[in-house]
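Here are a few notes from my look through this model. Have the structure open while you read.

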Amino acid sequence: MYDVIALGELLIDFTSSAPSSQGNPQFEANPGGAPCNVLAMLARLGRRAAFVGKVGDDLFGRMLKGSIVEAGIDAGALVLDPAAHTTLAFVQNAPDGDRAFSFYRDPGADELLTPEELPESALRSAGIFHFGSLSLTREPSRAATRRAVALAAEGGAVVSFDPNLRASLWKSLDAARDEMLWGCSVCQVLKVAEEELSFLTTEEDLEAGAAKLRRDFPNIRLLLVTKGKEGSTAFWREHQVSRPGFPVEAIDTTGAGDTFCGCCLHHILEWGLENLDEERLGEMLSFANAAAGLVTTRKGALRSMPEEAEVRRLLANR
């Protein structure tokens, strides 16, 4: 039924904006959440995408449902809970576009998704199932995530995982590492930021960290490491391929990694995990790096995904 189904958080990113006329800080309410950002990029590229998650049946939750439908994402498995509040994240941007998060989520509606609320038949028919670590921070969403992974794997889906570390949402970093390593143990595609690779492996060197992770988890068939404006590296079988980033005027890096991930999943759907080679890996990374660069030139993520033609133009102009 769907090329990609993703499960996890759907929330409001309140992104810092210009001060008011009284000098007070102002924030723009942008729809966000890593799994839906990934799906938004996939939908932009013409893929059939569906989201599984929970928001509050409140002003923000209804706004978010409308936003993902507008983005071309199927919202049939999005639960609106009248007894829960939609999760909020306030994002403070630095001059270089990097950001710091303050979450309002204790609990947020996304943490209250239960295994009984999963669309089992859809999960069994997905081409790719994608998830992150925020749904693993507490019950019952942790149990729902584990059940969803099992259902997708039963149906033969490629399982994709992005640890997406947000330290303030965990009781401890040890707990975060344990759950993230579980995610590594069940996926075939792993996308990590360079600092997350170090966190998971305690290795500062990228190649050493990648080797350790692949040795510990032989189920990982494709490892993707993002390095911010420096670009990205892919590890597949005996191949290691790197491509540089694109110089852009970044104003907000929120969603850059998700944009990259969505582009890579698009290429996996095109070619399959078994039919990659150095040329295709390089093509995939360059396309994903270009798209990620473009999204950093805009505020927010879910509504800011680039069109394929924009990405192609940036690639052609390099």
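Which handedness does the β-α-β unit made by E9, helix H5 and E10 have? Keep in mind that this is a predicted model.

1. That unit is right-handed, with H5 covering residues 173–186 and E10 covering residues 189–193. E9 and E10 pair in the parallel sense, over two bridges. If you want a spot to click on, Ser160 has Val189 as its bridge partner in E10.

2. Now look at the other neighbour of E9. Strand E8 (residues 128–132) also runs parallel to E9, and five bridges join them. One pair to check is Phe131 with its bridge partner in E9, Phe161. Getting from E8 to E9, the chain passes through helix H4 (residues 141–154), and this β-α-β crossover is right-handed too.

3. E9 itself (residues 158–162) is mostly covered, with five of its five residues buried. Side chains in a regular strand alternate between the two faces of the sheet. Here Val158, Ser160 and Asp162 point one way, while Val159 and Phe161 point the other way. Both sets are buried.

4. Finally, a residue from the start of the chain: Asp3, in the segment before strand E1 (4–7). Asp3 counts as buried because its relative accessibility is 12%, and the cut-off for buried is under 20%. The Asp3 side chain reaches the backbone nitrogen of Arg48 at 2.8 Å. Leaving aside residues up to four places away in sequence, Asp3 touches Arg47, Arg48, Gly127, Ile128 and Leu269.

Notes
Residues are numbered from 1 along each chain as its sequence is written. This is a predicted model: local features need pLDDT of at least 70, side-chain atom pairs count only at pLDDT 80 or more; totals for chains, interfaces and linings use all residues. Side-chain values use heavy atoms; hydrogens and water are left out. Helices (H or I, at least four residues) and strands (E, at least two) are DSSP runs, numbered from the N terminus. Buried means under 20% relative accessible area, exposed over 50%, partly exposed in between (1.4 Å probe, protein chains only). A polar contact is a pair of N or O atoms within 3.5 Å; within protein, one must be able to donate a hydrogen and the other to accept it, and residues adjacent in sequence count only if both atoms are side-chain atoms. Contact means heavy atoms within 4.5 Å. Two strands pair if DSSP finds at least two bridges between them. A crossover is right-handed if, with the strands pointing away from the viewer, the path from the first strand over the helix to the second runs clockwise.
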